[in-house]
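Thank you all for coming; I would like to walk through one model this morning, going element by element. Please have the sequence and the structure open while I talk.

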Amino acid sequence: YVSVVLFTADLRLHDHPPLRAALDGTREVVPLFVRDRGVADAGFAVPNRLAFLADCLRDLDSGLRRHGGRLVVRSGDLVEEVCQVVAEADADEVHMAADVSAYAHRREARLRRALEADGRRLHVHEAVTTALAPGAVTPASSDHFAVFTPYFRQWSRQRMRDPLGVPRTIRVPEGVGSEEVPSRAGLPGVSAGLAAGGEREGRRRFSAWLRQGIADYEDRHDDLAVDATSRLSPHLHFGTLSPVELVHRARGAGGPGADAFVRQLAWRDFHRQVLAARPAAATADYRTRHDRWRTERTAQEDIEAWREGRTGYPVVDAAMRQLRHEGWMHNRARLLAASFLAKTLYVDWRVGARHFLDLLVDGDVASNQLNWQWMAGTGTDTRPHRVLNPVTQARRHDPDGSYVRRWVPELARLEGLAAHEPWKLRGPERDAVDYPGPVVDLAEGLDRFRRARGRA
Ligand code: FAD
């Protein structure tokens, strides 16, 4: 009996239900990853994620080799490649993790049809890429939760399955061809400060987080300069860490920091259950429709200034430059940058979401698009008219200006809170700072937003 285990967003050996199921009662297993042409055609195969993915695949391959196996890598149309590997290995079944996007659903349906037409079976496993499966809890009147708090109440009450250990021995059948496992070396366009990927790196980070970071998480997670969040998001995106295992171990650590961290993992599941039920929310306004957005055509210069981090609002510019340099941003920085584009500049949130997806190493359809919608007031936020003021927010979350000084070197010589309001400088002091003036007056931006939303 031979099984294929198709790895997608679950690039690990710990707590891997598809691999465990395949090994139970199976002689041989083909661990397979397909570099799916469809993902590249949709514009999702961007340099930062390709580089991180390459690290993950290398590490997965060496992990499998430690247990007697190896990773088979193919490129092309995912369904065709899986069917080809099934034929080469004469496999009986394929195991994979469930996923939530419209693309993933279509792909899974195509794969099922192709395999069943050939007398093979597809097994899709839940709670591999999420802690709780989408749809596992629902409100009385709908197929998904549209508000986080009641979702979280239910989510917290669910018993999560126990995490699984690493399989002991993996035997791969002869005669299945593989491409060379990719490497990040030489990939063009990768952010200079991009983090390293792979399961070993993810586990090392998570253990360090449990020892040193999580206890202070509740108090410090919003402080931009202290940078005291876990930075586990790319590992969750590529599945080098299991959300089920993270919830278990964080709960085991206990305390207010762990509670706050587990709550963020529930936010991740929350957006996934929204997208699973409403796949169109990746591009269409989820709750409130707006059609008076400024666009690439009507706000080109403002959009460029935002993308390049020269809006003249230091905290927004710091955020956008961190994104470019690291392929990652602090959550508070994402909120500020998104509010600024969608509300203060009144630019269509899809323009900003696309730019984030082009650079974020954790760039993810569910988390990115739905957080953008949340911030743009079209999504699940219960206070859609709130606008974050970049100056008051900067004073609160970067209280001595060091986040701004780190990312905006033009302002590095301004002390303390002066870094947040360079337009207040006068005479030679102002002349000595080579930094643009604000692209928009905040009061005018607020006014435009309120008029467009019919709340003037
Ligand atoms: P921590 O604070 O340590 O949180 C732990 C984990 O919880 C994160 O790794 C993440 O998996 C999850 N999480 C935390 N906050 C959220 C949230 N609001 N929504 C969903 N999951 C959450 N996250 C992504 O993973 N991919 C994205 O593409 C993405 N785009 C975003 C776009 C905008 C406009 C905003 C406001 C947020 C976005 N987020 C996204 C959510 C959040 O900002 C990041 O998950 C977080 O900053 C990652 O840093 P961390 O791992 O240190 O988080």
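**The ligand shell, the sheet and a few residues**

Let me begin at the ligand, where α11 makes the greatest contribution to the surrounding shell, giving 6 residues. Before I go further, I should say that this is a predicted model, for which the mean pLDDT of the chain is 95, with 100% of the residues at 70 or more. For the complex, the predictor gives an ipTM of 0.99 and a pTM of 0.97. The usual caution is that where pLDDT is low, predicted coordinates should not be read in detail.

Back to the ligand, then. In total, 28 residues surround the ligand, and the closest of them are Thr229, Ser230, Ser233, Asn368 and Asn371. Which helices each supply at least two residues of that shell? They are α9, residues 233-238, α11, residues 256-277, α14, and α16, residues 365-376.

One of these helices, α14, also leads us to α17, since the elements covering the buried residues of α17 include α13, residues 314-326, and α14, residues 331-344. Helix α17 itself spans residues 390-397, and its buried residues are Pro390, Gln393 and Ala394. Viewed down the axis of α17, these buried residues fall within an arc of 100°, and so they line one face of the helix. The general background is that an α-helix has 3.6 residues a turn, so residues three or four places apart point the same way.

Let me turn now to the sheet. It is an open sheet of 5 strands, paired in parallel, and the order across it is β3-β2-β1-β4-β5. The edges are formed by β3, at 72-76, and β5, at 121-125, each of which pairs on one side only. On average, and ignoring direction, neighbouring strands of this sheet are turned by 30° against each other.

If we walk across from the β3 edge, strand β2, residues 28-36, runs parallel to β3 and is joined to it by 5 bridges, and Phe33 has Val73 as its bridge partner in β3. Further along, strand β1, residues 2-7, pairs with β4 in the parallel sense over 4 bridges, where Val5 has His95 as its bridge partner in β4. At the other edge, β4 and β5 run parallel and are joined by 5 bridges, with Ala97 partnered by His125 in β5. Across β4, residues 93-97, and β5 lies helix α5, residues 102-117, which runs at about 150° to β5.

How many of the 5 residues of β4 are buried? The count is 4, so this strand is largely enclosed by the rest of the structure. Met96 is found in β4, and Met96 counts as buried because 24 C-beta neighbours lie inside 10 Å, where 20 or more are required. Leaving aside neighbours within four places in sequence, Met96 is in contact with Leu6, Thr8, Pro18 and Val124. By contrast with those contacts, the C-alpha atoms of Met96 and Ala452, which are 356 residues apart along the chain, are separated by 45 Å.

Two loop residues deserve a look at their backbone. Asp15, in the loop between β1 and α1, the latter at 17-23, has a phi near 45°, a positive value in a residue other than glycine. Asp90, in the loop between α4, residues 78-89, and β4, likewise has a positive phi, near 50°, and is also a residue other than glycine. Are these two aspartates buried or exposed? Asp15 is buried, with 24 other C-beta atoms within 10 Å, whereas Asp90 counts as exposed, having 12 C-beta neighbours inside 10 Å.

I will finish with Pro243, which has its place in helix α10, residues 243-253. With 24 other C-beta atoms within 10 Å, Pro243 is buried. Not counting residues up to four places away in sequence, Pro243 touches Thr130, Ala131, Leu236, Leu265 and Arg268. As for distance, Pro243 and Arg294 are 51 residues apart in sequence, and 38 Å apart in space from C-alpha to C-alpha.

Key:
Residues are numbered from 1 along each chain as its sequence is written. This is a predicted model: local features need pLDDT of at least 70, side-chain atom pairs count only at pLDDT 80 or more; totals for chains, interfaces and linings use all residues. Two strands pair if DSSP finds at least two bridges between them. Axes are lines fitted to C-alpha atoms, for helices over the stretch in contact, and angles run from 0 to 180 degrees between N-to-C directions. Two residues are in contact if their C-beta atoms, placed from the backbone, lie within 7 Å. The arc is that of the directions from the helix axis to the C-beta atoms. pLDDT is the predictor's confidence in each residue, from 0 to 100. A residue is near a molecule or strand if its C-beta atom, placed from the backbone, lies within 6 Å of it.
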